[in-house]
Amino acid sequence: MLGIARRKAVRGGVSVLGRQIQRNSGPSAPPFGSHGYATAGKEALLLRPGSKLVRIISLHGNSGFPASVKSLRQVGSYLQIDPSRQIWKRSYSSDGDVVEAVVPFMGESITDGTLAAFLKHPGDRVEVDEPIAQIETDKVTIDVGSPEAGIVHQLLAKVGDTVEPGAKIATISKSSDHAHVAPSESPTSKADATKKEKPDEKANAKSPAQEKPKLEDSAPKDKPKAPSPPSSKLSPSEPQLPPKDRERRVPMTRLRKRVATRLKDSQNTYAMLTTFNEVDMTNLMKLRSDYKDAFVEKHGVKLGFMSGFVKGAVSALQSQPIVNAVIDGDDIIYREYIDISIAVGTPKGLVVPVIRDADKMNFADIEKGINTLAKKATEGTISIDEMAGGSFTISNGGVYGSLLSTPIINPPQSAILGMHSIVNRPMVVGGQVVSRPMMNVALTYDHRLIDGREAVLFLRRIKDVVEDPRRLLLDI
């Protein structure tokens, strides 16, 4: 159809919808007769008076009869006069089939991130919202999804680049007709090519120098070479350092750098002091053993020790509100809510998801919340909102076998509870020495705000609740 239109246009007419459109030329020709048309460059406007359909067809070629600017202005005024006419447009350009994948919004407190890895490469098939790259931020790793289903056409960034929200990192071809895929010329490949060229240049540069010694070797040697002086040995006082080839240097991830900065700022800001106590886990372990099957059957989640310590921390925070407060300049902010942060170690670093309104949760809600957040943190799918805030932190180093530690406060909080491994130790109970499962607990607090009395009473309250969970029911 398009070829017929081109041939008829050259002969002086265009056939559209079974009607013949004659060429109007000359200044005396009316702007639009029974049928009119105007062409300019690669576009042809085919108009039919009385019809509400106007077609704009891209011809990608010379029609042979370019129209004047005046004709185009008349076409525009014609369309403006009758706004009821509908415009149908069809593009034959492949540019419209390519969409760009951009970095999404990463949170109010995050302005940029590091392109950690590409999950898809040029030529790979992707579906809508399928991750094609990962952006590593100070807190979490964010996936960049494909805006459309298609084929990865080109990568516009390289791994290690610092990108901001809205930055273009790849192009996706919605059409599968693209047989050729533009491979991204990343700086890495360019650097490899440069490295390959440099040895050749050095070889060419050294070739004359290598020929020169050959000529000198042919001449007789008059004087023998002087013996080289013996190498000076290191004195016994100088340290013997291992060779550099036995070391490996890798850049720190953004998450690791952020954790290092926050922990050092915590040490420099807070007047940290740690107090210790020990908890007899006999009753809590018996409670867990007696009701673990019924608990799983009803709530669909296992009963662990963390929920007992979270409930104990909630009770202690309610009895000592100063531990839930924080210093802000010359003021003290008392929080009327209790959000418990749970420290979770992941392969990429330490993250601290938050359990919101822990004082309004029962044991089952707490266990479900902890399991969900821990799974997301391990898989790297946790969001920034799930880690923001928090008024008190619990860190369980006992899962790794830690017996005793002094945890560091998580800013901007004022205290942190450290749990440790359970070890059977001889204890005096009722005048007799018996074996008991004991756990050491530590509370690190900001001594600028919290006095030793409040800290000791806080930790003692946790000890009492965990050793006798019935206190929670009776609120004593």
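**Pocket.** I began with the second largest pocket, whose volume comes out at about 510 Å³. I kept in mind that this is a predicted model. Next I asked which residues sit closest to the pocket's centre. Out of 18 lining residues, those are L287, Y291, F363, P469 and L473. Then I looked up which elements give two or more residues to this lining, and found α5 (282–299), α7 (363–379) and α9 (470–474). Helix α5 gives the most, with eight residues. I also sorted the lining by character: nine residues are nonpolar, six are charged and three are polar.

**Helix α8.** I moved on to α8, which covers residues 452–467, and checked its length. With 16 residues at 1.5 Å a residue, the expected span is 22 Å, and the end C-alpha atoms are 22 Å apart, so the two agree. Which residues of α8 are buried? I noted E454, A455, F458 and L459, then R461, I462, K463, D464, V465 and V466.

**Sheet.** My last stop was an open sheet of four strands, in the order β7-β14-β12-β9, with antiparallel pairing. Why do β7 and β9 each have one side without a neighbour in the sheet? Both β7 (98–102) and β9 (125–126) stand at the edges with a single partner strand, so one side of each stays unpaired there. For a closer look I picked β12 (residues 150–155) and β14 (residues 168–173), which pair in the antiparallel sense over four bridges. Within that pairing I found I151 opposite S173 of β14. A reminder to myself: strands of a sheet pair through backbone hydrogen bonds.

How values were computed. Residues are numbered from 1 along each chain as its sequence is written. This is a predicted model: local features need pLDDT of at least 70, side-chain atom pairs count only at pLDDT 80 or more; totals for chains, interfaces and linings use all residues. Side-chain values use heavy atoms; hydrogens and water are left out. Two strands pair if DSSP finds at least two bridges between them. On a 1 Å grid over the protein atoms alone, a cavity is a set of points where a 1.4 Å probe fits but cannot get out, and a pocket is an open set with protein on both sides within 12 Å along at least five of seven lines; lining residues have an atom within 4 Å of a point. Grid points are joined across faces, edges and corners, and a volume is the space filled by probe spheres set on the points. Ala, Val, Leu, Ile, Met, Phe, Trp, Tyr, Cys and Pro count as nonpolar, Asp, Glu, Lys and Arg as charged, and the others, Gly among them, as polar. The expected span of a helix is 1.5 Å times one less than its number of residues. Buried means under 20% relative accessible area, exposed over 50%, partly exposed in between (1.4 Å probe, protein chains only).
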